[in-house]
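Open the viewer and keep the selection panel at hand. The tour goes from a sheet to an interface.

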Amino acid sequence: MSLPHVNAVVIGAGAGGGVVAKELCEAGLRVALLERGRWYTANDCRKDDLRNQRTSVLGNNSGPDDKRNPRVFVDRDAKRHIVLPSEGGYSNNAACVGGGTLTYGAMAWRYQPKDFRMRSTYGALEGSTLDDWPISYDDLAPFYEKAEYEIGVSGDVSNDPFKGPRAKPLPMPPLSPTREYEILKPAAQRLGLHPFDLPMLRNSVPYNGRPPCMRCRWCVGFVCEVDAKCGTHNTVIPCALATGLCDLRLGCMVKEILTTEQGKITGVSYFDAHDRLQEQPADLVIVSGAAIESARLLLNSKSRLFPNGLGNRFDWVGRNLQGHAYSGATGLFDFDTYDDVGPGANIAICDYNHGNPGLRGGAMLANEFIRLPYQAVDMPPNGVRWGKAHKDFMRRAYRRTIKIMGPTQEMPVFDSRVQLDPSVKDFWGMPVAQLSGYQHPHTLEIAGVMAAKAEAWLQEAGAIQTWRNLPGNGVSGGQHQAGTCRMGNDPKTSVADSWCRVHDTDNLYVIDGSVHVTNGGFNPVLTILANAYRASAHLAQSWKGKV
Amino acid sequence: MAERSALTRRRFLQVAATAAASSALISCGRHAGPWRFFTPGEAGTIEALCEQIIPADQDPGATWAGTIYYIDSQLAGHFRKLQSAYRSGIAACDAACRTAHGQPFAELPFDQQTAFLQRLPNSLQPFFDMVITHTMQGFYGDARHEGNRDAVSWRMLGIPIIPIRGRDHYEFPRKG
């Protein structure tokens, strides 16, 4: 039996879906917003160092739950591992209202103009599907600004000479500097670099009716205790609900997207919070489940006309799974660098995002978020892992290290991918996502250079010992997962068009990180938010018959 | 928003009852057991291993911090699927010590234990790596998990013990 008809079903209440729901509701559409997780609030803040989205050795704090949602990870030796959301290899983001924006560190980067034109800038790369986006920085700029003002960003990027053109400053000033900031800023300047106060989706002053950051040490991975982090859960989703047109349904796991014999998308079927199968008819279906689950849902939606899943006529759904190859360095100082003032990350340079000789791109470099004690136990550089030497190092070094890391832009790889696993099913009986692939060697080469740049910065800052932190060669994804339903003008080499509409369909959209062609040398969330504003503005206009 | 209904009286009573029961259990465990998973013999081996990994010096070590209580309670909870790895790993470790030194691991003098671990047979390495990981979690993790008594590791590192850490959403182990 089917539910009353709605204009649009939005699948996933994270960064993409939250924005889409609000924009469509404000345009007058009736929206069903389906979220498989729960709605946590500041009251659920649980500062457990061992149980959060960053360190999940005892489980995660904002989903998905381990019992119902396995995946399969295929390692470089082609060995299959069944992995749970709290385990390594799963590439977990979150499952809750707000998605990753509930617990992220909240860096709010605009990609640079060249990040949308990687193929034109650097040429083709063997073994990589490196390409241009079908849209430019200028297309996205007004929507970056909208995201910065509606969701809320603090910082000061006026001293970043490498940024794309922008019409307005950020709406909130940066947080006050920390000891690390005071050490790193003059060192960067002495090296001729251009340090600045990195942008964060975080209140530094009261904004949108919520208080500023209280500077605690439990930030990335945690729900904010004072609700100072700005996500879709405390901005656009409440706005969508306030229209009276948004029906947010929690605990709802979408089974498949429904199509007619003629290929028209008619809605979705999903398991509700009581695991009953429901059918929701809709004029539009918007998939915003993040790169892994969005691809899985398209692949799981098979019919006579779409035997390999929706949008998958040319076998591009699930391809090019990418995140970031994080690399950097740690420096040990002979004085205290730690001042217990969170969130930690606050100073960045974009000098190495592009223009590195012989390299296709690079990364923004910034100081790390505060390392909680357990996150520091792998820190000793000399292979010391236990015993008195390890304890001595922890005692001596914990308050005296600075770590600089950067998200190296990955060269997309066609064989790094999401597929349906042939045998493992989730709690509801649906095939789970199987992740496999590897890093392109050039990505690792760039990451190595970025680590050396970070190390040089630390040495200039006075570190008495430094060591590099390098990424592995396995497929990445995680909280920065992207690329599995890339946008493009040619249906043979992409999944969605430049407005995020899935090729071969009239009314099915993918609006999240999946559509990113490349993923910038930056944290991707502001781009996901901006592109969601852009795509849903177009969607709302075409709904009203204006386009 | 129906999912986020207010705390009902019934729910409050359930939580309060569980809290009372759990604190009784924990205080028993602190002194003489009962262990939730380990036998007394196994506990002796694990406690000695934990102390090797984080020994007492001018600051307390893993034994004083009660790190074994973290491992034991997680083996009855989140680490349930590692039970057999612990059981067989402890047996193999003690067997190797008996072969080499005529005594189980916990009976060896501290320095001889250290020497044994420095020249550990390859077959025991995965087990020891697992104990290292869990010992680090217990000792440097949140005190609420019983392995970092009195936040001793955080005091050692010199980071402030902030009185309000989250809104006290402790989760109590399920029965059985």
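Two strands count as paired if DSSP finds at least two bridges between them. Bear in mind that this is a predicted model.

**Stop 1: the sheet.** Select chain A. Look for the open sheet of 7 strands, ordered β5-β6-β12-β13-β14-β11-β17, with antiparallel pairing. Its edge strands are β5 (154–156) and β17 (465–469) of chain A, each paired on one side only. Sight along the sheet: the twist averages 30 degrees from one strand to the next.

**Stop 2: one strand pair.** Select residues 325–332 and 401–408 of chain A. These are β11 and β14, joined in the antiparallel sense over 8 bridges. Zoom to Y326(A): P407(A) in β14(A) stands opposite.

**Stop 3: the helix across.** Add residues 441–460 of chain A, helix α8. The helix lies across β11, β12 (347–349), β13 (365–367), β14 and β17 of chain A, and runs at about 25 degrees to β11(A).

**Stop 4: the interface.** Now show chain B. Here 48 residues of chain B are in contact with 42 residues of chain A. Together the chains bury about 3800 Å², 57% of it on carbon and sulfur atoms. How many salt bridges does the rule find across the interface of chain B and chain A? There are 6. Select K391(A) and D57(B) for a salt bridge at 2.9 Å, N to O.

**Stop 5: chain B's side.** Colour the helices of chain B. Those supplying at least two residues each to the side that touches chain A include α2 (40–53), α4 (67–75) and α7 (125–140). The most comes from α7(B), with 8 residues. Colour by class to finish: this side of chain B has 21 nonpolar, 15 polar and 12 charged residues.

Methods:
Residues are numbered from 1 along each chain as its sequence is written. Chains are lettered from A and ligands numbered from 1 in the order in which they are written. This is a predicted model: local features need pLDDT of at least 70, side-chain atom pairs count only at pLDDT 80 or more; totals for chains, interfaces and linings use all residues. Side-chain values use heavy atoms; hydrogens and water are left out. Contact means heavy atoms within 4.5 Å. Buried area is the accessible area (1.4 Å probe) that two parts lose on being put together, summed over both. A salt bridge is a side-chain nitrogen of Lys or Arg within 4 Å of a carboxyl oxygen of Asp or Glu. Helices (H or I, at least four residues) and strands (E, at least two) are DSSP runs, numbered from the N terminus. Ala, Val, Leu, Ile, Met, Phe, Trp, Tyr, Cys and Pro count as nonpolar, Asp, Glu, Lys and Arg as charged, and the others, Gly among them, as polar. Axes are lines fitted to C-alpha atoms, for helices over the stretch in contact, and angles run from 0 to 180 degrees between N-to-C directions.
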